[in-house]
Amino acid sequence: MPDAPTVSFLGAAGTVTGSKHLVTAAGRQVLLDCGLFQGLKALRLRNWQPPELDPAALDAVVLSHAHIDHSGYLPLLVRRGFRGPVHCTPPTADLLRILLLDAAHLQEEEAEVANRYGYSKHHPALPLFTTADAEAALARVETRPFGTPFPVSNGMSALFRRAGHILGAATVELRLGARPLRLVFSGDLGRPHRPILRDPEPVPEADVLLVESTYGDRVHAPDPEGELARVVHEAIARGGALLVPAFAVGRAQELLWLLRTLEDAGRIPRVPVFLDSPMAISVTEVYARHPGEHDAASGGLSLVSHHLVRTPQESKALNDRSGFLIVIAGSGMATGGRILHHLKRRLPDDRTTVLLPGFQAAGTRGRSLQDGAHTLRMHGQDVPVRARVVTLDGLSAHADRDEILAWLAGFARPPRRVHVVHGEPAAAASLTAAVRARFGWTVVVAEDGQMVPLQVGEA
C-alpha cells in the first residue's frame with residue numbers, strides 16, 4: 001500500500017551521531033531530529049552530501065533536544081528548501097539559538113583558519129553552513145510545552161515528555177491517523193536521580209518504539225561524585241592542570257554543580273575552576289531561567305564560585321598559569337573549540353591530567369585519547385601525549401543499560417516492535433539482547449538507510 005506509514009533511519013543507526021528519522025504517512029512527511037554527523041571522517045563527509053530526503057517535501061521537524069548531533073543539520077535543511085515549522089520545547093529553543101549560531105561561527109572560523117594556513121585540501125575551504133543559514137533555521141522554530149498534544153501535520157500530532165538528558169530534552173510521541181498509531185521516540189534518555197534536571201518521565205504505551213542505546217552495553221560507575229573527588233586529589237598531587245573537555249550543554253553545568261558540592265562538603269579543597277566557554281556560560285544562564293525544569297534537591301545553579309573565561313585573550317592567559325587549576329572547556333569530545341588550545345599546550349606535560357567525563361564517539365580526538373593515543377593531531381600538528389588520561393563514565397547524561405531497561409519497564413502497554421537506534425554496533429546489539437531477554441519483546445537494531453513499516457497489526 002503506497003500510503004502505509006513508514007519510518008526511515010537516515011542517521012543514528014549503527015552510530016551515535018546524525019540523528020534523523022523520517023516518518024511518512026498518508027503522503028505527509030515529518031522528520032524526528034535533524035542532526036549533524038560527527039566523529040569519523042566517513043560520517044562527517046555525509047553532512048556535505050545531498051540529503052537522503054527532499055527538504056521541500058517535509059511538513060515539519062520535531063526535535064527531541066538541542067545537541068548538535070540532533071539539531072545541527074537544520075541550517076542546511078532550510079538552505080536546501082525546508083519551509084515548515086521546527087517543533088521543540090521552550091528550553092530547547094533557547095539552547096538552539098546559542099548552539100546553532102556557535103556552530104555556524106565555528107564553521108566559518110575553521111574555514112578562515114584553513115584558508116589562512118593552507119592545511120585544507122579544498123581551495124578555498126568553505127563552511128558547511130553560515131551564520132545566515134543558522135538564523136534562517138531559527139526563524140522556523142515553534143515552541144511546544146511538555147505534556148500537551150500539538151498538531152504536526154494533517155493526520156499527525158505529537159506530545160513531548162521530559163527525557164532528563166539536558167535542559168528541554170524530550171521523548172516524542174507521534175500519533176498517526178484517527179485510531180491512532182503511536183510511534184514513540186526516546187531521543188536521548190537521561191538518568192534518574194541525577195542533579196539539576198527532573199527525572200525522565202514514563203511513557204504509558206506505544207505501537208512502535210525507537211530507543212537510544214549509547215550505553216546499551218554497560219552500567220555507569222555507582223559513585224561518580226567520589227570518583228571525581230579522587231581524580232581531583234590525584235591531579236593535585238601530580239602538580240599540573242586538570243583539563244576537562246565538556247559539552248557546553250548539560251555536562252558543564254553538572255560538573256560545576258558537583259565541584260561546588262564537593263568543595264562545600266570538604267571532600268576536595270577549594271581550587272581555581274575556570275569555565276573557559278562563553279557558550280557554556282550562556283547555557284548556564286539559560287538553565288537558570290528555567291527553574292521549573294530543575295530537580296528541587298539540586299538547589300539551583302551558581303557561577304559565583306568559579307572563574308568565567310569569556311574572551312580569547314583570557315583563555316590564552318590560562319596557558320601561562322602554573323600550579324594546579326581546573327579548566328572546563330568545549331568541546332565534549334575534543335572535536336573543536338577552546339579545549340584544543342589547552343590540550344595542545346599541556347598534553348606534552350606529564351603532570352597534566354585530562355578527564356574525559358562521558359561518551360567519546362569513534363573518530364573523535366576524545367576517543368583517541370581514551371584509546372591511549374601517543375600523539376594527537378590538532379591544527380595541522382601532531383602533539384605528543386604525555387598527560388594522564390582518565391575516563392569518568394559515571395557523569396554521562398545518557399542512561400546506561402539498566403536505566404534504559406527500568407524506563408522501558410514503565411510502559412503499561414508494551415510496544416509491539418522496538419527499533420534500537422543511536423548506538424555503536426556493540427552497544428545496540430547488547431541492548432537488543434537485554435530487552436529481548438528481560439521483556440520478550442520484538443526488538444531489532446535499526447539499519448542505516450532502512451525503511452520499515454509502522455503498521456504492526458490491529459489492537
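This tour moves through a predicted model, from one helix to a pair of cysteines and then to a patch on the surface.

Begin by selecting helix 4, residues 90-117, and place a marker on the C-alpha atom at each end. The two end C-alpha atoms lie 41 Å apart, which agrees with the 40 Å that its 28 residues should span at 1.5 Å a residue. Now centre the view on leucine 96, where helix 4 bends by about 30°. Leucine 96 also belongs to the buried residues of this helix, which include Pro91, Thr92, Ala93 and Leu95 before it, and, further along, Ala103, Ala104, Ala111 and Ala114.

Next, select cysteine 34 and cysteine 88 together, and display their sulfur atoms. A disulfide is a covalent bond between the sulfur atoms of two cysteines. The structure holds 0 disulfides, and cysteine 34 takes part in none, the nearest cysteine sulfur being that of cysteine 88, 12 Å away. Seen from cysteine 88, the closest cysteine sulfur is the one in cysteine 34, and because the separation is 12 Å, it is too far for a bond. Are these two side chains buried or exposed? Cysteine 34 is buried, with a relative accessible area of 0%, and cysteine 88 likewise counts as buried at 0% relative accessibility.

Finally, turn to the surface and select leucine 126, which sits in the loop between helix 4 and helix 5 (131-138). With 58% relative accessibility, leucine 126 counts as exposed, because the cut-off for that class is over 50%. Add Leu45 and Trp48 to the selection, and the three residues show a nonpolar surface patch, with about 330 Å² of accessible area together.

Definitions and conventions
Residues are numbered from 1 along each chain as its sequence is written. This is a predicted model: local features need pLDDT of at least 70, side-chain atom pairs count only at pLDDT 80 or more; totals for chains, interfaces and linings use all residues. Side-chain values use heavy atoms; hydrogens and water are left out. Patches are made of residues with over 30% relative accessible area and no salt bridge: like charges are joined within 9 Å, nonpolar side chains (Val, Leu, Ile, Met, Phe, Trp, Tyr) within 5 Å. Accessible areas come from the Shrake-Rupley method with a 1.4 Å probe; for residues, only the protein chains shown count as cover. A salt bridge is a side-chain nitrogen of Lys or Arg within 4 Å of a carboxyl oxygen of Asp or Glu. Helices (H or I, at least four residues) and strands (E, at least two) are DSSP runs, numbered from the N terminus. Buried means under 20% relative accessible area, exposed over 50%, partly exposed in between (1.4 Å probe, protein chains only). A disulfide is a pair of cysteine sulfur atoms within 2.5 Å. The expected span of a helix is 1.5 Å times one less than its number of residues. The bend at a residue is the angle between axes fitted to the seven residues ending there and the seven starting there.
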